[in-house]
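Work through the exercises below with the sequence and the model side by side. Try each task before reading its solution.

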Amino acid sequence: MRLIDADGQNHGVVPLNQALQAAEEAGLDLVEVSPTSKPPVCKVLDFGRYKYEMQKRKAEARKKQKTVDVKEVKIRPNIEDHDYNVKIKNIQKFLGEGDRVKVSLRFRGREMAHQDLGQKILNKVRDDVADTGKIEADPKLEGRQMIMVLAPR
């Protein structure tokens with residue numbers, strides 16, 4: 001096996017008993033750090049400290065990763081211009097942060113007779129956020145609401 005001592009110096013390929021003896025003399029543990037390489041690489045180090053550092057590295061990697069959330073924006077078929085602009089601004093903000101956005105348009109009562117208005121509004125949303133997002137799920141009617149999912153570009 002290839003032996004690396006506590007100072008990081010490579011001692012080359014040595015037999016197992018010599019590596020164990022070197023670890024015992026240093027008062028540390030012999031840890032196999034790369035078992036798949038030819039020959040396997042072993043290091044003389046404090047195993048408790050090694051486990052602690054590996055745990056810290058994993059925690060740091062978990063902290064840096066970004067989870068993708070699905071944000072929902074609800075609109076109505078007879079939405080006014082200013083309210084629509086506020087919703088578009090929110091959708092663009094969510095897409096800019098890397099989140100997916102579910103746009104749901106809810107119909108109430110007699111509004112179900114005018115589903116074409118809802119389709120027009122969702123098409124307008126799609127066109128207005130075309131530069132920051134792309135369609136992941138086309139608008140479809142589910143019960144009394146029409147749903148469309150947008151993903152960041």
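**Exercise 1. Find how β1 is paired on its two sides.**

Step 1. β1 and β2 run antiparallel and are joined by three bridges. Strands count as paired if DSSP finds at least two bridges between them; strands (E, at least two residues) and helices (H or I, at least four) are DSSP runs, numbered from the N terminus. Ile4 has Asn10 in β2 as its bridge partner.

Step 2. Strand β1 (residues 2-4) is also joined to β4, by three bridges, and these two run parallel. Here Arg2 has Val41 in β4 as its bridge partner.

A note on the source: this is a predicted model, in which local features need pLDDT of at least 70 and side-chain atom pairs count only at pLDDT 80 or more, while totals for chains, interfaces and linings use all residues. Residues are numbered from 1 along each chain as its sequence is written, and side-chain values use heavy atoms, with hydrogens and water left out.

**Exercise 2. Write down the strand order of the sheet that holds β1, and name its edges.**

Step 1. Strand β3 (residues 29-34) joins β4 through five bridges, and the two run antiparallel. Ser34 is opposite Val41 in β4, and the hairpin from β3 to β4 has six residues.

Step 2. The order is β2-β1-β4-β3, an open sheet of four strands with mixed pairing. β2 (10-13) and β3 are the edge strands, each pairing on one side only. From one strand to the next the twist averages 25°; axes are lines fitted to C-alpha atoms, for helices over the stretch in contact, and angles run from 0 to 180 degrees between N-to-C directions.

Step 3. Strand β4 (residues 41-45) has four of its five residues buried, where buried means under 20% relative accessible area with a 1.4 Å probe, protein chains only.

**Exercise 3. Which strands do helices α1 and α2 lie across?**

Step 1. Helix α1 (residues 16-26) lies across β1, β3 and β4, at about 125° to β3.

Step 2. Helix α2 (residues 47-64) lies across β3 and β4, at about 35° to β3.

**Exercise 4. Build the other four-stranded sheet, starting from β8.**

Step 1. β6 and β8 pair antiparallel over six bridges; Val103 has Met148 in β8 as its bridge partner.

Step 2. Seven bridges link β7 to β8 (residues 145-152), again antiparallel. Ile135 is opposite Leu150 in β8, and Glu142 is partnered with Gln145. The hairpin of β7 and β8 has two residues between the strands, and Gly143 takes a positive phi near 65° there.

Step 3. The order is β5-β6-β8-β7, an open sheet with mixed pairing. β5 (70-75) and β7 (133-142) each have a single partner strand, so one side of each is left without a neighbour in the sheet. Neighbouring strands are turned by 20° against each other on average, direction ignored.

Step 4. β8 is largely enclosed by the rest of the structure, because six of its eight residues are buried.

**Exercise 5. Place α3 and α4, then locate the largest nonpolar core.**

Step 1. Helix α3 (residues 81-96) lies across β5, β6 (100-106), β7 and β8, at about 170° to β5. Helix α4 (residues 115-128) touches β5, β6, β7 and β8, and its direction makes about 10° with that of β8.

Step 2. A nonpolar core is a set of buried Ala, Val, Leu, Ile, Met, Phe, Trp, Tyr and Cys residues joined through side-chain atoms within 4.5 Å. The largest has 19 residues, of which Ile75, Ile91, Val101, Val103, Val125 and Leu150 touch the most other members. β5, α3, β6, α4 and β8 each supply at least two residues, and α3 gives the most, with five.

Step 3. Leaving aside neighbours within four places in sequence, Ile91 is in contact (heavy atoms within 4.5 Å) with Val73, Val101, Val103, Val125, Val129 and Leu150.

Step 4. A second, separate core of five residues includes Leu3, Ala19, Ala23 and Val44.

**Exercise 6. How is the chain divided into domains?**

Step 1. Domain 1 covers 2-63 and domain 2 covers 70-152, with bounds from an automatic or database domain assignment. Their centres, taken over C-alpha atoms, are separated by 56 Å.

Notes: Buried means under 20% relative accessible area, exposed over 50%, partly exposed in between (1.4 Å probe, protein chains only).
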